[in-house]
Amino acid sequence: VIAELRRLVGDGAVLDPAPAHYLGDETEGRGLHGRADAVVLPGDAEAVAAVVRWCYAHDVPVVPRGGGTGYAAGAVPLDGGVVLALDRLDRVRSLEPLFWRMEVEAGVPTAEVRRRARESGLLFPPDPGAAEQSQIGGNVATNAGGPHAFKYGVTGAWVTGVEAVVAPGELVRVGGPVRKDVAGYDLRSLLVGSEGTLGVITAVWLRLIPAPEAAWPVAAFHADTAAGCAAIARVLGNGLPVAALEFLDSATVRLAGAGFPGELADGFLVVAEADGTAEGAAALREEVVAVLAEDALSTWTPGTAAETASFWRWRDGVSLRVQAHRGGKSSEDIAVPVERLAEAVEETNAIGRRHGLEACAWGHAGDGNLHSTFLVDPRDAGEVARAQAASEELFALAARLGGTISGEHGVGWVKGGRLGLQWPDAALDLHEAVKRAFDPKNLFNPGKKRAR
Ligand SMILES: Cc1cc2nc3c(=O)[nH]c(=O)nc-3n(C[C@H](O)[C@H](O)[C@H](O)COP(=O)(O)OP(=O)(O)OC[C@H]3O[C@@H](n4cnc5c(N)ncnc54)[C@H](O)[C@@H]3O)c2cc1C
């Protein structure tokens, strides 16, 4: 495999031996690591097509890989095959500020996409939390969310076109710079969120918007989950059009509170961000403060744009600070109707207690999306197994509350085969038929995003 691929894409583009970095993702912390027959880093879309063509002709599985920040082991080659890393497809093909759009290759880091937009006074709103490491192709392949998905929607809402290599090695383009397109079935949307199981995304066209002038988060600590969730309901009920509506339960605040830019209180944290014109954001912030402060232990809001930035840096670090306590964690991303959030948070902690595991939950409250988490020592097989059993209970809980097993991380390997908890058989059949239509030999990321 290595010799053939080297002939196709050049010696330097095939890494042998496979560096450990390309064999795992964020699920290392729950003990998952793969092995690959080869790791290939093609230099452009045509080279990606050549690799896929060779693999498809020789029945070799292809595991597409972005930044490796996924929480579902989607990029982990658990059964071998060729890891196709997009790192070298890192060009911004076009940036047209006057038309609010850009075309970027899959391997451009998420933060770079946001920075380039920002330099032109524009915003690419999706902001999943590992932006310096994740790639735009990985974000599109997982249809990633993040705090500002509450107002602005998930990644897919900003993708007007996708260029991808599909079976048996064809470079195709669906959509493009055009903002509206209802011709044909929506293949673009099928590729968005397909987690590398339908093809390899090589480039995307993105829609941008003028950046808001100001953004002011308001943080409010509440006595307990019930009081915090009541505050969240008040923000919604009062019709406050906040950009982000986040929460950290009391256990998460205790584990990951260090470095909070204001004064920390022991309680359930709710954060709502007001953005818009300077005047509009300031007025909305006042309303948010009034609504959140009603029943709060304390509130905090930044005084400068730099403090806002430092707040979000702190928020981005929550996941890794939680993990640091035991070295590992099983972190899921269930989503429930927002009025069931309190129940889901309480139940996460109860499930942890039943399995003898330290638990906590935080996430995107406005979207009912929780990172329900169980802390583990990844070297302790018993603990890892108990965390897996706890996660199974979480998936059942999400379905029982009318929600989903994945709000933003995707199914990957860790949630494979559980779609039946939330979908009827006929829908599962269609899911499998789509996979067969795109990938008749089952070579694109086999074993991932399985319905059954
Ligand atoms: C600290 C931290 C915070 C996070 N916060 C968030 C958050 O707020 N919201 C959120 O949604 N996620 C979050 N994540 C999870 C993760 O960052 C996202 O899932 C991200 O979109 C993964 O991108 P990646 O480039 O790292 O993809 P990878 O992990 O490399 O791959 C993810 C999946 O996409 C596939 N894939 C990758 N690139 C391509 C491609 N070019 N073509 C086809 N398939 C491809 C892979 O096969 C795999 O199935 C967080 C992760 C960390 C570590």
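**View 1. The residues around the ligand in this predicted model.** Here you can see the ligand surrounded by 35 residues. Those that come closest are Pro64, Gly66, Gly67, Thr69 and Gly70. By class, the shell holds 20 polar residues, 11 nonpolar ones and four that are charged.

**View 2. Polar contacts between the protein and oxygen atoms of the ligand.** Start at Pro64, where a backbone N or O atom sits 2.6 Å from an oxygen atom of the ligand. Gly66 also uses a backbone N or O atom, at 2.8 Å from a ligand oxygen. At Thr69, by contrast, look to the side chain: one of its polar atoms lies 2.7 Å from an oxygen atom of the ligand. As for the ligand's surface, 980 Å² would be exposed if the ligand were taken alone, and the protein buries 97% of that area.

**View 3. Helix and strands that contribute to the ligand shell.** Three elements to find here are β3 (62-65), α4 (136-142) and β10 (200-207), each supplying at least two residues of the shell. Helix α4 gives the largest share, with five residues.

**View 4. The hairpin formed by β8 and β9.** Strand β8 covers residues 159-166 and strand β9 covers residues 170-175; the two pair in the antiparallel sense over six bridges. To find your place, follow β8 to Val166, whose bridge partner in β9 is Glu170. Three residues lie between the strands, and Gly169 in this turn has a positive phi of about 130 degrees. As you trace the side chains, keep in mind that in a regular strand they alternate between the two faces of the sheet.

Terms used:
Residues are numbered from 1 along each chain as its sequence is written. This is a predicted model: local features need pLDDT of at least 70, side-chain atom pairs count only at pLDDT 80 or more; totals for chains, interfaces and linings use all residues. Side-chain values use heavy atoms; hydrogens and water are left out. A residue is near a molecule or strand if one of its heavy atoms lies within 4 Å of it. A polar contact is a pair of N or O atoms within 3.5 Å; within protein, one must be able to donate a hydrogen and the other to accept it, and residues adjacent in sequence count only if both atoms are side-chain atoms. Accessible areas come from the Shrake-Rupley method with a 1.4 Å probe; for residues, only the protein chains shown count as cover. Helices (H or I, at least four residues) and strands (E, at least two) are DSSP runs, numbered from the N terminus. Ala, Val, Leu, Ile, Met, Phe, Trp, Tyr, Cys and Pro count as nonpolar, Asp, Glu, Lys and Arg as charged, and the others, Gly among them, as polar. Two strands pair if DSSP finds at least two bridges between them.
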